[in-house]
Amino acid sequence: MSHVIVIGAGQAGASCVAKLRSEGFDGQITLIGKEPALPYQRPPLSKKYLLGEMDLERLFLRPESFYAQNDITLRLGQSVDQIDTEAQTVSVGSDTLIYDHLVLATGSDPRRLPASIGGALGNVFTMRDLADADAMAHAFESGKHVLIVGGGYIGLEAAAVAAAKGLEVTLVEMADRILQRVAAAETSDFFRDLHSSHGVGIREGVGLKTLTGDGNVTGATLSDGSALAVDFVIVGVGITPGSALAEAAGVTLNNGIETNAKGQTSIPNIWAAGDCASFPYRGERIRLESVPNAIDQAEVVAQNILGADKEYVAKPWFWSDQYDVKLQIAGLNAGYDTVISRKGDANSQSVWYYKGDTLLAVDAMNAPRDYMIGKRLIEAGKSPGPALIQDPDTDMKALLKA
Ligand code: FAD
């Protein structure tokens with residue numbers, strides 16, 4: 001009987017094993033995860049779960065009974081230490097398991113601050129796992145001062161939760177503006193205004209120099225020479241793909257674990273999906289850090305293990321929730337040279353990215369219609385000219401039929 005082992009019981013791993021069964025695979029399936037919890041969704045960790053508006057049960061992707069009913073062996077709280085690609089085995093503690101197919105769904109690791117600048121002090125948190133969210137929850141007390149390092153989506157979401165809970169919030173971003181790596185200035189401006197209106201102190205072009213404290217963090221000095229007293233710190237400075245295990249096994253890396261369009265790595269019978277995997281996309285190689293990508297890519301891998309010979313065609317989209325604003329992003333804006341902004345009501349705006357005449361991506365803030373239309377246009381390869389999008393009188397829906 002064939003045995004598929006999946007390493008990493010996160011979004012991609014859980015999607016892969018479920019798809020294997022729903023596609024009729026009747027061999028053995030083992031899902032191995034470092035974390036003790038059942039596979040769960042991460043996005044609420046920096047949103048409703050941190051706010052205290054969502055309980056643990058609702059984080060789980062599926063109830064425990066699902067795995068038993070589908071004859072999926074869960075090995076949670078266990079880490080794979082080694083892969084032997086010749087013998088086709090993995091080592092988990094003192095056990096050696098033999099695989100016919102191995103799926104690497106090892107996710108990513110948050111970047112941490114070096115201990116030399118105070119990164120190892122108590123109450124300095126990263127935001128990746130359930131354990132991280134639980135560890136920082138006690139600190140979210142009204143009146144406390146939190147320093148958030150990094151103005152990407154995770155830092156901004158944590159800032160929104162902290163402000164909503166009545167904390168004093170300072171967010172530092174080393175780059176000239178928040179969201180610089182991922183969005184145009186128009187989107188940064190929207191979120192800066194939003195956070196400022198909720199009392200968050202955003203300091204752009206300012207980096208963290210050192211954290212100070214005796215045991216727990218109590219202070220921070222910034223690159224502009226200023227000093228702050230802080231009660232705790234959240235570090236949101238990006239992630240690195242979880243590829244160390246694959247690298248040690250001799251799997252080729254290239255911005256994470258290199259896969260072809262079918263999800264195969266450089267080693268026969270080893271596949272990869274989710275945050276840890278890079279793949280071909282429109283003539284380039286990309287790696288995405290999003291739930292939709294983890295699900296879709298893992299499902300293609302499951303189908304290909306069963307012989308479908310299918311290529312993964314990514315349809316990138318993403319979301320973020322901050323206060324009462326829902327941001328939805330369709331497409332990828334890399335390489336944009338023109339940005340068009342459409343303003344709706346006070347808290348509604350969409351930002352459209354073009355490269356030449358080609359529509360690349362849309363950021364829609366409380367603008368679900370623009371998001372839906374933009375997504376469908378991008379997926380259909382249609383590019384209404386920037387002038388049309390700019391024109392407030394354009395019948396947006398009609399663009400889909402053009
Ligand atoms: P993960 O879900 O990280 O799962 C990987 C798992 O593998 C982990 O549990 C890890 O412990 C385990 N593992 C690693 N190595 C081993 C080993 N050797 N042995 C055993 N287990 C191992 N995406 C969105 O689209 N929208 C959002 O709003 C959004 N918000 C987010 C908010 C937060 C706070 C975070 C952290 C992420 C957010 N994301 C969001 C990103 C999204 O959650 C990830 O892209 C997605 O979880 C990736 O799935 P994955 O399966 O590749 O990795």
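Buried means under 20% relative accessible area, exposed means over 50%, and partly exposed is in between. The model on screen is predicted.

**Stop 1: Arg-203 and Asp-224**

Select Arg-203 first. At a relative accessible area of 25%, Arg-203 is partly exposed, because this value falls between the two cut-offs. Now add Asp-224, which forms a salt bridge with Arg-203; their closest N and O atoms are 3.0 Å apart. Arg-203 belongs to strand β12 (residues 201-204), while Asp-224 sits in the loop between β14 (216-222) and β15 (227-229), so the bridge ties together parts that are 21 residues apart in sequence. Asp-224 is partly exposed too, with a relative accessible area of 44%.

**Stop 2: Arg-342 and Asp-370**

Next, select Arg-342 and Asp-370. Their side chains meet in a salt bridge, with 3.8 Å from N to O. Arg-342 lies in strand β24 (residues 338-343) and Asp-370 in helix α10, so this pair joins parts that are 28 residues apart in sequence. Are these two residues buried or exposed? Both Arg-342 and Asp-370 are buried.

**Stop 3: along helix α10 to a positive patch**

Stay on helix α10 and select Arg-376, which has its place in this helix. Arg-376 is partly exposed, at 48% relative accessible area. Then add Arg-369, Lys-397 and Lys-401 to the selection: together with Arg-376 they form a positive surface patch. Which elements give two or more residues to the positive patch? They are α10 (368-379) and α12 (396-401).

**Stop 4: Arg-128 and Asp-275**

Move to Arg-128 and Asp-275, whose side chains meet in a salt bridge at 3.1 Å, N to O. This pair links distant parts of the chain, 147 residues apart. To find the two ends, look for Arg-128 in the loop between β9 (124-126) and α5 (130-137), and for Asp-275 in the loop between β19 (270-272) and β20 (277-281). Arg-128 has a relative accessible area of 16%, which is under 20%, so Arg-128 counts as buried. Asp-275 is buried as well, with 10% relative accessibility.

**Stop 5: a salt-bridge network**

Select Glu-35, Arg-42 and Asp-129. These residues are linked in a network of salt bridges. How many salt bridges does a search of the whole structure find? The search finds 14.

**Stop 6: the cysteines Cys-16 and Cys-276**

Now turn to disulfides: a search of the whole structure finds zero of them. Select Cys-16, which is in no disulfide. Its nearest cysteine sulfur is that of Cys-276, 11 Å away. A disulfide needs the two sulfur atoms within 2.5 Å, so a separation of 11 Å does not qualify. Select Cys-276 in turn: this residue is also in no disulfide, and the nearest cysteine sulfur is that of Cys-16. Where accessibility is concerned, Cys-16 is buried, with a relative accessible area of 0%. Cys-276 likewise counts as buried, at 0% relative accessibility.

**Stop 7: Gly-27 and Ile-267**

For the last stop, select Gly-27 in the loop between α1 (11-22) and β2 (28-33). Gly-27 counts as buried, with 4% relative accessibility. Add Ile-267 and draw a line between the two C-alpha atoms. How far apart are Gly-27 and Ile-267 in sequence, and what is their C-alpha to C-alpha distance in space? They are 240 residues apart in sequence and 22 Å apart in space.

Methods
Residues numbered from 1 in each chain as written. Predicted model: local features only at pLDDT ≥ 70, side-chain atom pairs only at ≥ 80, totals over all residues. Heavy atoms only, no water. Patch = residues over 30% accessible without salt bridge, like charges linked within 9 Å, V, L, I, M, F, W, Y side chains within 5 Å. Areas by Shrake-Rupley, 256 points an atom, 1.4 Å probe, with all protein chains shown as cover. Salt bridge = Lys/Arg side-chain N within 4 Å of Asp/Glu carboxyl O. Lys, Arg positive; Asp, Glu negative; His and termini not counted. Charge placed at Lys NZ, Arg CZ, Asp CG, Glu CD. Helix = DSSP H or I, 4+ residues; strand = E, 2+ residues; numbered from the N terminus. Buried < 20%, exposed > 50% of the residue type's maximum accessible area, 1.4 Å probe, protein only.
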